[in-house]
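Let's take a walk through this one, starting with a pair of rings and working towards the pocket and the cores. Have the model open alongside as you read.

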Amino acid sequence: WAVVIVTNAMRPWVDRCMHQFAKNVLPLIETQSVKVVYAQEYLTRSDLLVHSPSGFPAKYTDPANRVYDFHHKMKQAKFQAMKTEADKFYSQYRTQTWKNVISVGDACYEHDAA
């Protein structure tokens, strides 16, 4: 793949958006010229649990901590997915270097992941 879409959305968000807003782009994804990666799938079940400040799973936590934890986990997921895909692409031959990595996102944690 020359183009990889990495999203923090849940599967099948990209397909739905393409069907609704960009039907002319859909064949690229369906023929696998463009790869779609759902970053949240890089998280484990325990990553998705709400934790107390001590690090143990908790039923109730401070709302500010929940927002911070959510942003941290989304950044972690996006970073891991982007790194994995970039490493795959840029290890196809010896001495290959990184070029043309573009990151577009509407949340701060997405920019931080890049």
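## A ring pair, half in and half out

Phe89 has a relative accessibility of 28%, so it counts as partly exposed, since buried would need a value under 20% and exposed one over 50%. Tyr90 comes in at 13%, and that is under the 20% cut-off, so Tyr90 is buried. Bear in mind that this is a predicted model.

How are the two rings set against each other? Phe89 and Tyr90 make an edge-to-face pair, with 4.8 Å from centre to centre and 90° between the planes. The count of aromatic pairs comes to one.

## The largest pocket

The largest pocket has a volume of about 890 Å³. Its lining takes in 31 residues, and the ones closest to the centre are Val4, Ile5, Val6, Ile102 and Ser103. Four elements give two or more residues each to that lining: β1 (3–7), α1 (13–21), α3 (63–89) and α4 (108–113).

Which of them gives the most? That's α3, with seven residues. As for chemistry, the lining splits into 20 nonpolar residues, six charged and five polar.

## The nonpolar cores

The largest nonpolar core has 11 residues, including Val6, Val37, Leu43, Met74, Met82 and Tyr109. Both α3 and α4 supply at least two residues of this core, and the largest share, four residues, comes from α3. So α3 leads here, just as it gives the most to the pocket lining. Val6 also turns up in both places: it belongs to this core and is among the residues closest to the pocket centre.

Apart from that core lies another one of seven residues, with Val14, Met18, Val34 and Tyr38 among them. Back in the largest core, have a look at Met74: leaving out residues up to four places away in sequence, Met74 touches Asn8, Gln40, Leu43 and Tyr109. Leu43 and Tyr109 are themselves members of the largest core.

## Val3 on its strand

Val3 sits in strand β1. Buried, exposed or partly exposed: what does Val3 count as? Its relative accessibility is 41%, so Val3 is partly exposed.

Who does Val3 touch, once residues up to four places away in sequence are set aside? The contacts are Ser33, Val34 and Lys35. With Val34, the C-alpha atoms are 5.1 Å apart, although 31 residues separate the two along the chain. Val34, in turn, is one of the residues of the seven-residue core.

Notes. Residues are numbered from 1 along each chain as its sequence is written. This is a predicted model: local features need pLDDT of at least 70, side-chain atom pairs count only at pLDDT 80 or more; totals for chains, interfaces and linings use all residues. Side-chain values use heavy atoms; hydrogens and water are left out. On a 1 Å grid over the protein atoms alone, a cavity is a set of points where a 1.4 Å probe fits but cannot get out, and a pocket is an open set with protein on both sides within 12 Å along at least five of seven lines; lining residues have an atom within 4 Å of a point. Grid points are joined across faces, edges and corners, and a volume is the space filled by probe spheres set on the points. Ala, Val, Leu, Ile, Met, Phe, Trp, Tyr, Cys and Pro count as nonpolar, Asp, Glu, Lys and Arg as charged, and the others, Gly among them, as polar. Rings of Phe, Tyr and Trp (its six-membered ring) pair if their centres lie within 6.5 Å; planes under 30 degrees apart count as stacked, over 60 as edge-to-face and the rest as tilted. Buried means under 20% relative accessible area, exposed over 50%, partly exposed in between (1.4 Å probe, protein chains only). A nonpolar core is a set of buried Ala, Val, Leu, Ile, Met, Phe, Trp, Tyr and Cys residues joined through side-chain atoms within 4.5 Å. Contact means heavy atoms within 4.5 Å.
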